[in-house]
Amino acid sequence: MEQKRIDQQSLMFPINSKEIKEAAQFLSDLIKINTTNPPGNETEAAEFCARVLKEEGFEDVELIESAPGRGNLIVIWHGTDPTAKSLLLLAHLDVVPADPSNWEKDPFGGEIEGEYIWGRGSMDIKNMVVAEAMACILLKRQGFQPKGTIKLAFTADEERGGVMGVGYLTEHYWEKINADYIINEGGGFLIPLGKNPKDYVVQTGEKGVFRTTLRVRGVGGHGSFPIKKSESAMYKMAKICQKIIEYKYPIEITPAIKELADKISLPGFFKKILTSKRFLRIGLKIADKKMPVMSKVVLPFVMDVLNPTVFKASEKVNVIPQQVELSFDARLLPGHDRGTIEKYLRKALGKKLFNELEIIPIEPSQPATMNSTENPFWNTVEEVLNEMHEGAKMVPMLSSGSTDSKYFRSKGGYALGICPMKIDPNISFGEMLEMAHGKNERIWIPNLSYGLEFFYRLIKKMNTL
Ligand SMILES: [Zn+2]
């Protein structure tokens, strides 16, 4: 099938330029270093990036291991003006597992074919490592000197919560990693609205994580004997599970959805729907049928999510369990906590079932973290996007998943999740969203170029502030 092309004129670094050929090779080599987490093995990737950056003359380059093999790289490009704002460009080195039997190409082959680079990490998020590093490299080659300090941090363990990566660094190397502004993964794609989309999603917050185990007890015994419903822990837990799934979680018009409605390029009528509880529930029902991706994007903004995920009962098939456990993942809106979960359980289960429950928190828990769009850096980033794409707008997003930005935001930092991308004409929006942790992950090279250009322009822009 003939692949569609975009207007190469609009890229600062066309895909056949020597800069992008170099960046593509960099990414391909980085993908070949298998950093599947677990176990991670990020040190090898961190060493590789360190070598590249040192060869380019970066001097303050430090590899910090949180444990053997769990390498984090911090590179500091010292600014000339100690009063100027500092910027941290962050990205993680680890990737999620990939089962090669589902892929068209080797997930760790780093194959470059036509306008694509294939492999695990090509979209999440080794592409960003390369874009950030190459932006610094290209500017340094031109003799550019930053006014404010620019930091690069390529870190371990994000895919498993970041404890061995940014979690470790914020605890032990806070001064070294911290900056006035942080750019991380989590956004940058265009919302497919209208013929000429201009709204870039920027992650400004993350929902809280409050995983929980529920336990109920009953009468045990041998599998060959009959058991009363009222004594069966299995029966009670099956009911509990059903009720948790069926419960209609309330919709809440949060400040996050108000900010989104304010910024998004939609007619006033739709903005109204987004900020009215009643209309939103109806609107989401319709969207679910006509544009399921849209409801997937909007739902996390307005609703807590509880999903049962683990059932634990008898170890043996012929033994009736005395206790049954059900664990669920809970992602909560800003301001919500364990008390909110208890309230839901009380309502969903009714008094009798609720009173039979033991509620056991799975730690660590993490309240939602949120940054506002009312910040000068928000405007700076939007100006940069406008240089690249006339009329571009940034739309804030509270994400249902979690990234390393939470570590900064929970300490009062200002982190935006954005690595901008154009719409890949060969891949649908839905497929693009799933590719990051799915099969056949690949990046369209013009998007590697676009990300690089964004960081390149942003670093230059920081000098004008
Ligand atoms: Zn990621």
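**Close-up views of a predicted model**

**Figure 1. Strand β10 lies against β14.** Strand β10 covers residues 212–217 and pairs with β14 in the antiparallel sense, over six bridges. In this predicted model, Thr213 stands opposite Ser327 in β14. Strands of a sheet pair through backbone hydrogen bonds, either parallel or antiparallel.

**Figure 2. Strands β9 and β12 also pair with β14.** Strand β14 spans residues 323–332, and β9 spans residues 208–209. Two bridges join β9 and β14, in the antiparallel sense. Here Val209 stands opposite Arg331 of β14. Strand β12, residues 305–312, pairs with β14 over seven bridges, again in the antiparallel sense. Follow Leu306 across to β14: its bridge partner there is Ala330.

**Figure 3. Strands β4, β5 and β19 form an open sheet.** The sheet has three strands, in the order β4-β5-β19. The pairing is antiparallel. Strands β4 (112–113) and β19 (442–444) are the edge strands, and each pairs on one side only. Strand β5, residues 116–118, is joined to β19 by three bridges. One position to find is Trp118, whose bridge partner in β19 is Arg442. In a regular strand the side chains alternate between the two faces of the sheet.

**Figure 4. Helix α15 lies across two strands of the open sheet.** The helix takes in residues 445–462. Both β5 and β19 lie under its crossing, and α15 runs at about 70° to β19. Strand β19 is the edge strand of residues 442–444.

**Figure 5. Helix α7 has five named buried residues.** The helix covers residues 255–263. Its buried residues are Ala256, Ile257, Glu259, Leu260 and Ala261. What do they pack against? Their partners are two helices, α8 (268–274) and α10 (292–302), together with strands β8, β16 (369–370) and β17.

**Figure 6. Domain 1 meets domain 2.** The domain assignment gives domain 1 as 8–205 + 368–462 and domain 2 as 209–361. Their centres, taken over C-alpha atoms, are 33 Å apart. The contact takes 18 residues from domain 1 and 16 residues from domain 2. On the domain 1 side, β8 (199–206), β17 (393–399) and α14 (429–435) each supply at least two residues. Which element gives the largest share of that side? Strand β17 does, with seven residues. By class, the domain 1 side has nine nonpolar, six polar and three charged residues. Strands β8 and β17 appear in Figure 5 too, where the buried residues of α7 pack against them.

**Figure 7. The whole chain sets the close-ups in context.** The chain has 15 helices and 19 strands. Its C-alpha atoms fill a box of roughly 80 × 55 × 55 Å, taken along the principal axes. How does the radius of gyration fit a compact globule? With 465 residues, such a globule would have a radius near 23 Å; the chain has 24 Å, so the two agree. Buried residues make up 43% of the 465 residues. Contacts also span the sequence: among those between residues at least 6 apart, 78% join residues at least 24 apart.

Definitions and conventions. Residues are numbered from 1 along each chain as its sequence is written. Helices (H or I, at least four residues) and strands (E, at least two) are DSSP runs, numbered from the N terminus. The radius of gyration is taken over C-alpha atoms; the globule rule is 2.2 Å times the number of residues to the power 0.38. A residue is buried if 20 or more other C-beta atoms lie within 10 Å of its own, exposed if 12 or fewer, and partly exposed in between; C-beta atoms are placed from the backbone. Two residues are in contact if their C-beta atoms, placed from the backbone, lie within 7 Å. Two strands pair if DSSP finds at least two bridges between them. Domain bounds come from an automatic or database domain assignment. Ala, Val, Leu, Ile, Met, Phe, Trp, Tyr, Cys and Pro count as nonpolar, Asp, Glu, Lys and Arg as charged, and the others, Gly among them, as polar. Axes are lines fitted to C-alpha atoms, for helices over the stretch in contact, and angles run from 0 to 180 degrees between N-to-C directions.
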